[in-house]
Amino acid sequence: MRTKFAPINYDYFDYQGRNYAILIGRDDAGKRLCVIDSCDVYLWAVLEENLNKKNIDNLIKKISKIKLNVKGRNTKVEKVELHKKRFLDKDVKALKIFATNYKDLHDIASCLKLDGITKRRGHDLGYITHYIIEKKIEPLKWYEIEGEFLNNSLEFGGIDMAYETTTCLKLNKSKEIKSEKFNPKVLAYDIETDSLKIGEGEILMVSLVGENFQKVISWKKTKNPQKYVEFVEDEAELLEKFIEYVKEFSPDILTGYFSDGFDLPYLKARADKHKIRLNLGLDNSQPKFSRGTSITGKIKGIVHVDILKFIRTVYAQYMQSETLKLNDVAREFLGDTKKEFDAHNLKGEINWKDFYEYNLHDSVLTLALFEKFWPDMLEFVKTIKEPLFSLSRAGLSKYVDSYILHNLENYNEIPERRPGYDETNERKIQRKVEGAFVFEPKPGLYNNIAIFDFTSMHTSIIISMNISSSTLLEKPQKSATNIEVGDKKYYYSKEKGFFPKLVQGLFEQRKKFKTEYKKNPNIFTKARSNAFKVLSASIHGYIGFFGARYYSREASASILAFVRKFNKETIDKIQKEGFEVIFGDTDSVGFLINKKNKPEIKDFLKKLNSELPGIMELELEGFFKRGLWVTKRSGKTGAKKKYAIIDEKENMKIRGFETVRRDWCKLAREIQNRILRKILIEGNEKKSLEYVKKIIKKLKDREIPKEDLIIRTQLKKELSEYIAQGPHVVAAKKMKAQEIPIAQGGLVEYFIAETKEKKKLVRDGVMLPHEKANYDIEYYLKHQILPAIENIFQVFDINITELVEGKKQMTLKDF
DNA sequence: ATATACACGGATCCCCTATTTCC
DNA sequence: GGAAATAGGGGATCCGTGTA
């Protein structure tokens, strides 16, 4: 039979010792299909350079005879071929060694420690990645396929019968076709429990939300519930009903928010308790949880997506919100928030109807978030060619790694291996490479500033200077690009390496899709542009990441040395042109334009650009009306990575100041923000002083609401791991004692209260938000407000601390 | 385990010295 | 008068969170 098909979920199974890929997806009528296919499995053995034909033939003969029995499985070398390949930019002869079962490639590789073989590669990709590379059947793309029905057949041990509700096909042929976007069927879910510890409480209700589908199932009954609420007798029945509805809806994707870490394991634990099979899988199997630091829940045939993980990988660093809680993320991306309901305080009277609504709305938000990020996930899946499941769990290094692996054959390259345990540790303990250059600013308030910055600086250096692990030359060459790193000098080949070429491809596509987005802005062009932007920006981080296949400390150090060199040279050139440089950090430079007009500055920029090599480019970030730089808290030197600027339209950009830091209380942040704004708009500090006086009076009169005094700090490690007992550690301990849930990664909230004892330590005054106590006026004045504004007034030669404290008598009236 | 380095700044830790307290 | 306790100064370190 012939049909259209888009694969969503990839899995594999063994039958008679061989591997088969099992692809679950949809046809163009929306019907679910299960496609079974196989591919050659092999690894590469790179040969010594000077082997003659006879040596090679002997080697092939020897290898062809390898037979193994691993865990009761017979596996053998089935075929050996000699190929001309490239490995790390060198021409090599390599043997392609085919074997029976992918899982045995490691054992085959151990048999290949033979004379004449220098490297064994390509057996650590994972079967699914290997399959996609081999067969080019990529996730979420459309194919026209031909195959044979498996109708209760015994082929493959009757696997089609396990997938009883699904049509199964054995694939014969496939061809990619251009077609509409793929629209998956998505179901979001969320549970509410009376204890947050996995499996320790009871599941009170569960909500399910999909297209035209809203359901809350609960055994906590009340009169006149909402239409979407369905009652069951007890928790066991709730679980059964949940399974039933998931099966009935039959989603491609089941999504939750933090569902890997909470909802799915909870459901499984409670099902186990009631001896119910949580048979959500299309083959009626139960979810499987991977071990490791963070749990991952996998359901056969359905892609379980914990949307939180994708957001954390791709968006967290660009987000405004200070936590990744559903409420904050929904507010930022959807403009919607959770329903008001204290689900953690279930003592006393519970308004169940509110609770149902709260539960439903969490799923509504989760689905909305999924839909919001679906274009992004789709584009990433297509770009890195890995299935949605692995994409949604991977970090940026995995994204880059996958992109490289799936593009290697364009360069006839044999893949490099993942570093082993020892190698990883060795890389970790290496001294850090020197990073970027940061110019020390001269504190002050300045007018008319221009800022230049390099476009994708690290990436364009990799491309322009041909930097990678394999283009690094062992010996100096006269014509080669070279760069001094410390007391060493590294040389890079003139001949373009596959890695820089691959990065160039990425970079050019990034430019192309950015243009496409600007011409035709919609969510899909935006997502595509963003996917390439994120990937392109992650390359340098990848090279310096200890787990990377193409890790190179030398390359990373060289890139950073070039970053410093170009930044310093640019600063030099700008100064030589007669401008005063105010700040510079990594890839940007800010300077005073003085009497020069904008076209003159732009001409100057053109001149600078004409002197840059390769694809490197300096661009105008903008003209700014005014900017403020302050001193460090200690000493008189200018503080780096801390400034506030304002453009002609009075858009303010604040970097590094306490205003943008979540571990300062709202009061301090707001005062600082208002002061910065007043100063930047008016060009002086007069009105700000008045404002500060007003606030300090309010503070002293205890008129500041407690909410503005709450300090939020993340608990980065386990409580027991802390050496220093800082205020947030003490607060977390208090929470534990009061049975308020707090775990590693959670946000701790507290305020500082007056204490009777002659206090020395801040932590002695730590109080949780709900605790009743008088806030410590002195602490908030000396440790929050003054530190936040002191350096700003310092610029105008005003000692605000002295004004407030030192001359109390004189200023009593003022304050 | 899951991209990098640079930087700020609060709070505690820890050592030292001077001063106070105790017997 | 001498030993022990205490205060406080200051650098080192821990820690979290920014910028790029």
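**Where the protein meets DNA strand C**

A backbone N or O atom of Gly656 sits 3.2 Å from a phosphate oxygen of DNA strand C. That is a good place to start exploring this predicted model. Side chains reach the strand as well. Look at Tyr722: an N or O atom in its side chain is 2.2 Å from a phosphate oxygen of DNA strand C. With Arg661, the partner is part of a base, as a polar side-chain atom of this residue lies 2.7 Å from a base nitrogen of DNA strand C. Which elements give two or more residues to this surface near the DNA? They are strand 26 (638-647), strand 27 (652-655) and strand 28 (711-714).

Now step back to the whole surface. There are 20 residues around DNA strand C, and those that come nearest are Asp587, Tyr643, Arg662, Lys717 and Tyr722. Sorted by character, the residues of this surface are nine charged, six nonpolar and five polar. Which part of the DNA do they meet? Of the atoms of DNA strand C within 4 Å of the protein, 85% belong to sugar or phosphate, and the rest belong to bases.

Next, let us turn to the cavities. The count comes to three cavities of 30 Å³ or more, and the largest has a volume of about 70 Å³. You can trace its lining through Phe566, Glu569, Thr570, Lys573, Leu608, Leu612 and Leu618. Helix 16 (residues 553-576) gives the most to this lining, with four residues. By character, the lining of the largest cavity divides into four nonpolar residues, two charged and one polar.

Key. Residues are numbered from 1 along each chain as its sequence is written. Chains are lettered from A and ligands numbered from 1 in the order in which they are written. This is a predicted model: local features need pLDDT of at least 70, side-chain atom pairs count only at pLDDT 80 or more; totals for chains, interfaces and linings use all residues. Side-chain values use heavy atoms; hydrogens and water are left out. A residue is near a molecule or strand if one of its heavy atoms lies within 4 Å of it. A polar contact is a pair of N or O atoms within 3.5 Å; within protein, one must be able to donate a hydrogen and the other to accept it, and residues adjacent in sequence count only if both atoms are side-chain atoms. Ala, Val, Leu, Ile, Met, Phe, Trp, Tyr, Cys and Pro count as nonpolar, Asp, Glu, Lys and Arg as charged, and the others, Gly among them, as polar. On a 1 Å grid over the protein atoms alone, a cavity is a set of points where a 1.4 Å probe fits but cannot get out, and a pocket is an open set with protein on both sides within 12 Å along at least five of seven lines; lining residues have an atom within 4 Å of a point. Grid points are joined across faces, edges and corners, and a volume is the space filled by probe spheres set on the points.
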